[in-house]
Amino acid sequence: MGAQKSIHAGKAKIDVNVDFTHKLCASLMLPSLRNTGSPLSLIIGSLCIKHPNLFGGSEKLDVSWDKGLSDSNVSVTYRRPRPEWLCQKCFVIQHSFSPEIGVHGTPIDNFSRSGSGDVNLSRLSVGLDRNEPASSDWSSSTSIKFEHVQLVNDDGRSITRDIDGFPVTCSGSPHDSMLVLKQESQYAKANDHSFSRFSMQIEQGIPILSKWLIFNKFKFTATKGVKLGPAFLLASLTGGSIVGDMAPYQAFAIGGLGSVRGYGEGAVGSGRSCLVGNSELTFPLSKMLEGAFFLDCGTDLGSGRLVPGNPAMRQGKPGSGVGLGYGLRFKSPAGHFQVDCAINSFQQKTVYFGISNLI
């Protein structure tokens, strides 16, 4: 269902990965994607070009392109060599395109799926990343980037308003511009019986020009894993908030895989704040097969009405929800296969499929 190939051209290395598997899994979840017209839409893959010595001084250049069913991401990264005990710096140019389903998508089938809201994000960013040397169990990184975000419909035309006539940007024009200073810190500690992980992100919009967005966005994730005999219990808590200037696409979307299972992407709600809790118990069924029970819950903490245009209320999203279910995890040298069956607060079932590291 997939193919991988590495090619060496002089000192450069080219990695190509083409995968049809995700298309199959997505078509089982989203029947509307089965007939997309172009044969290229069947392909999900990536292309990566790496040069380890660009100008003869061990400068590294990485160019990567990732293509999904309806999204894509292109990035160019340039690094100069520095000793490991010094902070590592790199220059990054990135462009991404993705449908804005989490905020503008319309919940269907008792909130178990989300349909297109005819709003897509085209984001261009240019900036510097700085990674501090890891000390003990902590690591941190800082970046400053200029971002240009343009909103387009499914036909590729620039838009300023959604299908209900509400603005989709903060500036009121087809695009927003901002200079974002981002600080991220991570803590990780593990032993034979458990592990703990904590990450925190703070983003600050710097108004160099009067039309640029000024805001402060905070997000954290705390995760704890404990071994209980042959079983393993994993629990996590994610939360965040944003103050200041805000476009609807900056809201926290709640619901979907990686959030509250049993709901479509963003079908629980979207708000200026959020709190999501996940717990999962896995246990071995055989050498390569594991079973799982999970419980997810999430809420926008009543902040959905504070998002410009209040898209969550217009789409009838509940603002809070609970999902529970069971699943199977199959692990082999060829790859990992995962299937989850979840039911939401409206007693609607959803099945999730996932395949990774497939040869």
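Start at the surface: select strands β6 (88–99) and β9, each of which supplies at least two residues of a nonpolar patch. This is a predicted model, so read each stop as a feature of the prediction.

**Stop 1: the nonpolar patch**

Now show the whole patch. Phe91, Ile93, Leu124, Val126, Leu128, Ile144 and Leu181 make up about 520 Å² of nonpolar surface. Which strand gives the most to the patch? That is β9, with three residues. Then pick Phe91, which sits in strand β6. Phe91 is partly exposed, because its relative accessible area is 36%.

**Stop 2: from β9 to β10**

Stay on β9 and select Asp129. Then add Lys145. The two form a salt bridge, with the closest N and O atoms 3.7 Å apart. Asp129 belongs to strand β9 (residues 120–131) and Lys145 to strand β10 (residues 138–152), so the pair ties together parts 16 residues apart in sequence. Are these two residues buried or exposed? Both Asp129 and Lys145 are buried.

**Stop 3: a link across the chain**

Next, select Asp164 and Arg314. Their side chains meet in a salt bridge, 2.7 Å from N to O. This pair links distant parts of the chain, 150 residues apart. Asp164 is in the loop between β10 and β11 (175–190), while Arg314 is in helix α3 (residues 311–314). Check the accessibility of each partner. Asp164 has a relative accessible area of 46%, so it is partly exposed. Arg314 also counts as partly exposed, at 25%.

**Stop 4: a salt-bridge network**

Move to Arg329 and Glu280. Their side chains form a salt bridge of 3.1 Å, N to O. Arg329 lies in strand β19 (residues 320–332) and Glu280 in strand β17 (residues 273–284), so the bridge ties together parts 49 residues apart in sequence. Arg329 counts as buried, because its relative accessibility is 8%. Glu280 counts as buried too, at 16% relative accessibility.

Now widen the selection. Which residues are linked in the network of salt bridges? They are Arg261, Glu280, Asp296, Arg329 and Asp340. Across the structure there are 14 salt bridges. As background, side chains of opposite charge can pair when their charged atoms come close.

**Stop 5: the core**

Hide the surface and go inside. How many residues does the largest nonpolar core have? It has 26. Select Leu151, Met178 and Tyr249, which have the most contacts inside this core. Strands β10, β11, β15 (252–254) and β17 each supply at least two of its residues.

Centre the view on Met178 and show what surrounds it. Leaving aside neighbours within four places in sequence, Met178 is in contact with Lys145, Phe146, Glu147, Val149, Trp212, Leu213, Phe215, Tyr249 and Gln250. Two names on that list come from earlier stops: Lys145 is the salt-bridge partner of Asp129, and Tyr249 is one of the core residues with the most contacts.

**Stop 6: Ser270**

Select Ser270, in strand β16 (residues 269–271). Its relative accessible area is 0%, so Ser270 is buried. Now display its contacts, not counting residues up to four places away in sequence. Ser270 touches Gly102, Val103, Ala251, Phe252, Ala253, Asp300, Gly304, Val307, Pro311, Ala312 and Lys317. Among them, Pro311 and Ala312 fall within the residue range of helix α3, 311–314.

**Stop 7: two backbone angles**

Most residues other than glycine have a negative phi. Select two residues with a positive one.

- Asp118 has a phi of about 60° although it is not a glycine. It sits in the loop between β8 (113–115) and β9. At 29% relative accessible area, Asp118 is partly exposed.
- Leu301 has a positive phi near 55°. It sits in the loop between β18 (289–299) and α3. At 53% relative accessibility, Leu301 counts as exposed.

**Stop 8: the cysteines**

Finish with Cys170 and Cys341. Cys170 counts as partly exposed, at 32% relative accessibility. Cys341 is buried, with a relative accessible area of 13%. How many disulfides does a search of the whole structure find? Zero.

Conventions:
Residues are numbered from 1 along each chain as its sequence is written. This is a predicted model: local features need pLDDT of at least 70, side-chain atom pairs count only at pLDDT 80 or more; totals for chains, interfaces and linings use all residues. Side-chain values use heavy atoms; hydrogens and water are left out. A salt bridge is a side-chain nitrogen of Lys or Arg within 4 Å of a carboxyl oxygen of Asp or Glu. Helices (H or I, at least four residues) and strands (E, at least two) are DSSP runs, numbered from the N terminus. Buried means under 20% relative accessible area, exposed over 50%, partly exposed in between (1.4 Å probe, protein chains only). Patches are made of residues with over 30% relative accessible area and no salt bridge: like charges are joined within 9 Å, nonpolar side chains (Val, Leu, Ile, Met, Phe, Trp, Tyr) within 5 Å. Accessible areas come from the Shrake-Rupley method with a 1.4 Å probe; for residues, only the protein chains shown count as cover. A disulfide is a pair of cysteine sulfur atoms within 2.5 Å. A nonpolar core is a set of buried Ala, Val, Leu, Ile, Met, Phe, Trp, Tyr and Cys residues joined through side-chain atoms within 4.5 Å. Contact means heavy atoms within 4.5 Å.
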